Structures are given as structure tokens and as C-alpha cells.
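Visitor: I would like to learn how the words used for a protein model are justified. Could you take me through them step by step?

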Amino acid sequence: MIETHCHLDYLKQDTLENILKRSHDEGVSKIMTIAVDPTNLSKVIEIANSHDNVFCSQGIHPHDAKDFTQEVKNTIIQNTQQNAKVLAIGEIGLDFHYNNSPPDVQKKVFEEQLQIALDLNKPIIIHTREADDETKDILKNFLPKLKGVLHSFTAGKELAEFALNAGFYLGFNGIITFKNAQSVRDIVDITPLDQLLIETDSPFLTPVPHRGKENAPFYLKHVAEKVAEIKRVSIEELIKVTTDNAHRLLDL
Ligand SMILES: [Zn+2]
Ligand SMILES: [Zn+2]
């Protein structure tokens with residue numbers, strides 16, 4: 001299995017070495033650790049560079065869009081050009097649930113980072129929450145060359161269909177194991193197998209049956225099992241196809 005989205009620098013439960021060893025033992029062969037703000041851009045590269053099979057992204061989360069300066073932008077570009085382990089631009093997007101940054105700033109910073117991804121020919125990792133129409137309106141202007149994933153997908157069917165038609169992947173995590181997440185399971189159901197990715201988004205969103213514990217990549221199989229159940233395929237097939245998908249998208 002490939003863990004396509006987590007935040008290794010946020011995990012507190014054990015040493016990183018132990019977490020990576022346990023993840024490997026649980027069948028996780030490769031891990032993407034995702035950047036979110038100016039303070040962890042270099043941290044995720046450090047982690048990736050010091051561990052085989054760990055890769056990373058560069059980007060500013062919509063929560064932190066207000067901190068996206070010209071200097072930060074230059075850092076993202078340089079880090080991506082100079083480090084082979086940077087495979088994607090992300091996580092970037094819009095989050096109008098919390099509005100930790102003003103919506104207009106979020107939109108502008110999202111667009112600027114989409115342009116970086118196009119210029120550097122990298123896939124994008126999108127975070128979108130309660131901003132379906134705006135996400136679609138912005139992405140439209142960057143098609144058809146742009147490729148990427150809408151991670152932790154919880155948005156509506158219309159955005160899902162738009163994204164799938166545009167060739168994007170949808171990423172699902174422990175949310176699909178939650179009782180009240182039938183609408184998300186319905187999106188899994190309509191997502192073609194070859195456009196599906198699995199992730200944990202750890203340390204957040206711990207899947208059932210480990211609720212209450214800090215999430216980690218070693219719980220990824222619970223996500224895989226649930227997706228396989230919804231898609232009515234064997235766990236082996238689900239793992240094979242999502243692994244191929246991750247390789248294709250991230251050029252692993
Ligand atoms: Zn996110
Ligand atoms: Zn994340």
C-alpha cells in the first residue's frame with residue numbers, strides 16, 4: 001500500500017523510526033508526508049531525505065494562505081526544483097469551513113500555487129472544504145494539463161464528477177469508516193477504481209476501530225479494507241490498483 005497523505009512531523013506517539021518500521025510491517029511500502037505551512041516546508045524534506053521510501057510535497061494549506069509571501073513562494077519553487085524527493089505541490093486549496101485565512105486570500109494563493117505546479121510540471125494535492133463551486137471555478141482555468149488528487153474527499157457529487165471527468169484522483173481516509181459518513185461512501189462508490197487513492201491524513205482522522213488513538217500510516221489497511229468493501233473487490237485487487245494509481249500520479 002502507498003500512504004498518499006500524512007503529516008509525519010506531527011506524530012507524537014512514538015519515534016519516527018518505530019512508526020515507519022511498524023507501517024512497513026503493516027504493508028505500507030511508500031509514504032508521502034505533506035507540507036502545510038512555512039514552518040514545515042524544510043522539515044518534510046529533511047524527513048524524506050533521511051528515510052528510504054518516504055517522499056514529500058511543498059505547499060501552503062488554505063488555513064495558512066495569509067502567510068504565503070514572495071519569499072515563501074520562492075522557497076517552494078527552489079525546494080521543489082532542488083530535491084528529487086519532492087513529488088507534488090500541496091496541500092493547497094480552499095477551506096471555507098474554518099476560514100483561518102480570508103477567502104479572497106485563499107483563492108489567490110491557491111491560484112498562485114496551481115501555476116507553480118504547472119510551471120514545474122508537478123501534480124497537486126488539493127484540500128477543499130465547503131468550497132465546491134469556487135474550487136471548480138479555479139481548477140477549470142488550469143485544465144487540461146494539471147493533474148492531481150482531491151485528498152480527504154468529503155465534498156459534493158458535482159465536484160466529484162467534475163474532478164473525475166478532468167482526470168483527477170479522489171483520496172479517501174478514515175472518514176469512510178465513520179458511521180455518519182454515508183455521503184462520502186457514496187462518492188467512493190461512483191469513483192472508478194483507477195482514480196482512487198488511499199491515505200490516512202494522520203495524525204488526524206483515525207479510522208475505526210482505533211478511534212481515540214493518534215492516527216498513523218500503519219492504520220492504512222483499515223481504509224483499504226473499507227474501500228474494498230464499498231467497491232466490492234478483493235483487498236488484494238484494491239491494494240494493487242491504488243498502488244498503481246499512486247505510482248502513476250506521483251511518478252514514483
Ligand atoms: Zn487536508
Ligand atoms: Zn493533510
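Visitor: What share of the residues in the protein chain is buried, and what makes a residue count as buried?

Guide: This is a predicted model, and in its protein chain buried residues make up 58% of the 252 residues. A residue is called buried when its relative accessible area is under 20%.

Visitor: Why is Phe55 called buried?

Guide: The relative accessibility of Phe55 is 14%, and the cut-off for buried is under 20%, so Phe55 counts as buried. Phe55 is found in strand S3, which covers residues 54–58.

Visitor: Which residues does Phe55 touch, and how do you know that they are in contact?

Guide: Contact means that heavy atoms lie within 4.5 Å, and, if residues up to four places away in sequence are left aside, Phe55 touches Lys30, Ile31, Met32, Thr33, Ala48, Lys85, Leu87 and Leu252. For Ile31, the separation from Phe55 is 24 residues in sequence, while their C-alpha atoms are 6.1 Å apart in space.

Visitor: Why is the protein chain called as compact as a globular protein of that length?

Guide: The protein chain has 9 helices and 8 strands. Its radius of gyration is 17 Å, and the globule rule gives 18 Å for 252 residues, so the chain, being close to that value, is as compact as a globular protein of that length. Along the principal axes, its C-alpha atoms fill a box of roughly 45 × 40 × 30 Å.

Visitor: What makes Glu91, His127 and His151 donors of the zinc ion (ligand 1)?

Guide: A donor is an N, O or S atom within 2.8 Å of a metal such as zinc, and Glu91 (OE), His127 (ND1) and His151 (NE2) lie 2.0 to 2.1 Å from the zinc ion (ligand 1), so these residues are its protein donors. Along the chain, the donors follow the spacing E-x35-H-x23-H.

Visitor: Why is it said that His127 and His151 tie parts of the chain together?

Guide: His127 lies in strand S5 (residues 124–129), whereas His151 lies in the loop between strand S6 (148–150) and helix H6 (157–165), so the pair ties together parts that are 24 residues apart in sequence. Both His127 and His151 are buried.

Visitor: Which two ions does Glu91 bridge, and how far apart do they lie?

Guide: Glu91 bridges the zinc ion (ligand 1) and the zinc ion (ligand 2), and these two ions lie 3.5 Å apart.

Technical notes
Residues are numbered from 1 along each chain as its sequence is written. Chains are lettered from A and ligands numbered from 1 in the order in which they are written. This is a predicted model: local features need pLDDT of at least 70, side-chain atom pairs count only at pLDDT 80 or more; totals for chains, interfaces and linings use all residues. Side-chain values use heavy atoms; hydrogens and water are left out. Helices (H or I, at least four residues) and strands (E, at least two) are DSSP runs, numbered from the N terminus. The radius of gyration is taken over C-alpha atoms; the globule rule is 2.2 Å times the number of residues to the power 0.38. Buried means under 20% relative accessible area, exposed over 50%, partly exposed in between (1.4 Å probe, protein chains only). Donors are N, O and S atoms within 2.8 Å of the metal (3.2 Å for Na, K and Ca); water is not among the atoms, so sites may look incomplete.
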